[in-house]
Amino acid sequence: MILVLLVFTVVVSVLGDKSLARMAAQTLIRVTFVVGLWIFVGNSGVVSFGHAGYMAIGAYCSAWLTLKPQMKGLFLPDLWPFLANAEWHVFPAAIASGLLASLVALLSGAAILRLTGIAASIATFAFLAIIYTVYSSWEGVTGATSSVVGLTRYSDQWVTFGWASFAVLAAAWYANSASGLALRATREDEVAASASGINMYRHRLISLVLSAFFAGVAGALFGHSLGVLNPNSFYLGVTFITLAMLVVGGIGSLTGAVAGVLVLSIMIEGLVRMERGVEIGETTLALPTGAQEIIIGIVMILVLILRPAGLSGGRELRLRIGRR
């Protein structure tokens, strides 16, 4: 899948304009996020609505660490002194953002993952609501509902390609690790896995912590792609579109996670351009406003009806060279 992402990035870089380059960067940020989401959801079978919260934690952590002190004094006057005076490079700030998201995942997951099934999913949504409320109300530290501006626009398509590739490698490593195999066993049959001595709680917590790291990094990359942050960017909109990408691609495989992001991102970009209007000769054709959401909803319904396991069918894409 890294080869597919490389081809996508090269094609956009060579043939596209600045608008397509920004689209590629946003797509690769989504890959980082959705692959991180898959590490938990795909292996545990527990649908998480809370990962946008970890993304918000990472995004604002990066802003605290990288914004110039003068900007923080203007927009975030109540920051603690060690953050108010910090001025890190984006790369170590992204790592720190992922680690902070992982720490919060460890603390929140310690409580949430004692639940199972739909109760755990509802608890993750409650976590998202808590994070959104805190970040949209803590004016002196997060700017509340006002946008935080002035972030370095560092996350181009090549930076985001590097992080997306790292996320794919980490997800593949975890899926084939002892913890990943044990967690998938609990996904298939909790009772049988428990009878075999598998500690479901511990393996779910490990996957959540690793998953949250990449959600936090994706948040940092997102902020440094647009140059601006607002809590509304990390709530229901991003939650449902990323889950849609995971479902459309196929929740049962890493290939499906990446494929779903690429397919829906390209479709969204095309629909946005068609809503703005496409000139054909002397005629301008434009989709009505809101058609994007309707068409994506129809695509999701068709995929769920025709291919319940997603576009990947739950299978992994593997490159085979020769035969033995």
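**Exercise 1. The residue after α13**

Find the residue just after α13 and state the sign of its phi.

*Solution.* Work in the predicted model.
- Step 1. Helix α13 covers residues 236–249.
- Step 2. Just after α13 comes Gly250.
- Step 3. Gly250 has a positive phi, about 125°.

**Exercise 2. A positive phi outside glycine**

Locate Ala144, give its phi, and decide whether Ala144 is buried or exposed.

*Solution.*
- Step 1. Ala144 sits in the loop that runs between α8 (139–142) and β1 (148–149).
- Step 2. Its phi is positive, about 55°, although Ala144 is not a glycine.
- Step 3. The relative accessibility of Ala144 is 8%. Buried means under 20%. Ala144 therefore counts as buried.

**Exercise 3. The span and cover of α13**

Compare the span of α13 with the expected value, then list its buried residues and what covers them.

*Solution.*
- Step 1. Count the residues: α13 has 14.
- Step 2. From first C-alpha to last, α13 reaches 20 Å. That is close to the 20 Å expected at 1.5 Å a residue.
- Step 3. Pick out the buried positions. They are Val238, Thr239, Thr242, Leu243, Ala244, Met245, Leu246, Val248 and Gly249.
- Step 4. Look at the cover. It includes α2 (18–44), α3 (51–66), α7 (117–135), α14 and α15 (291–306).

**Exercise 4. α13 against α14**

Describe how α13 packs on α14: angle, axis distance, handedness and residues in contact.

*Solution.* Two packed helices are described by the angle between their axes and the distance between the axes.
- Step 1. Helix α14 covers residues 254–276. The angle between α13 and α14 is about 120°, and their axes lie 7 Å apart. That makes the pair oblique, α13 to α14.
- Step 2. The crossing of the two, α13 and α14, is right-handed.
- Step 3. From α13, the contact uses Ile241, Ala244, Met245, Leu246, Val248 and Gly249. From α14, it uses Gly256, Ala257, Gly260, Val261, Leu264, Ser265 and Ile268.
- Step 4. Sort the contact residues of α13 and α14 by class: 9 are nonpolar, 4 polar and none charged.

**Exercise 5. α2 against α13**

Repeat the analysis for α2 and α13.

*Solution.*
- Step 1. The angle between α2 and α13 is about 70°, with the axes 10 Å apart. Angles of 65 to 115 degrees count as roughly perpendicular. So α2 is roughly perpendicular to α13.
- Step 2. The crossing of α2 past α13 is right-handed.
- Step 3. On the α2 side, Arg30, Phe33, Val34, Leu37, Trp38 and Val41 make the contact. On the α13 side, Thr242, Leu243, Met245 and Leu246 do.
- Step 4. By class, the contact of α2 with α13 has 8 nonpolar residues, 1 polar and 1 charged.

**Exercise 6. Two arginines**

Place Arg204 and Arg153, decide for each whether it is buried or exposed, and list contacts beyond four places in sequence.

*Solution.*
- Step 1. Arg204 is in helix α12 (residues 200–226). At 2% relative accessibility, Arg204 is buried.
- Step 2. Arg204 touches Phe40, Ser44, Val46, Leu113, Leu115, Thr116, Leu183 and Glu190.
- Step 3. Arg153 is in the loop between β1 and α9 (157–175). Its relative accessible area is 56%, so Arg153 is exposed.
- Step 4. Arg153 contacts Arg22, His224, Ser225, Leu226 and Gly227.
- Step 5. Check one of these partners. Arg153 and Leu226 are 73 residues apart along the chain, and their C-alpha atoms are separated by 6.5 Å.

**Exercise 7. Sequence and space**

Give the C-alpha separation for Val10 and Gln157, and for Phe82 and Phe161.

*Solution.*
- Step 1. Val10 belongs to helix α1 (residues 2–15). Val10 is partly exposed, at 34% relative accessible area.
- Step 2. Val10 and Gln157 are 147 residues apart along the chain. Their C-alpha atoms are 9.2 Å apart.
- Step 3. Phe82 belongs to helix α5 (residues 81–84). At 62% relative accessibility, Phe82 is exposed.
- Step 4. Phe82 and Phe161 are 79 residues apart in sequence. C-alpha to C-alpha, Phe82 and Phe161 are 31 Å apart in space.

Technical notes
Residues numbered from 1 in each chain as written. Predicted model: local features only at pLDDT ≥ 70, side-chain atom pairs only at ≥ 80, totals over all residues. Heavy atoms only, no water. Axes fitted to C-alpha atoms, helices over the stretch in contact; angles between N-to-C directions. Parallel < 35°, antiparallel > 145°, perpendicular 65-115°, else oblique. Left-handed = near helix turned anticlockwise from the far one by under 90°. Contact = heavy atoms within 4.5 Å. Nonpolar A, V, L, I, M, F, W, Y, C, P; charged D, E, K, R; others polar. Expected span 1.5 Å × (residues − 1). Buried < 20%, exposed > 50% of the residue type's maximum accessible area, 1.4 Å probe, protein only.
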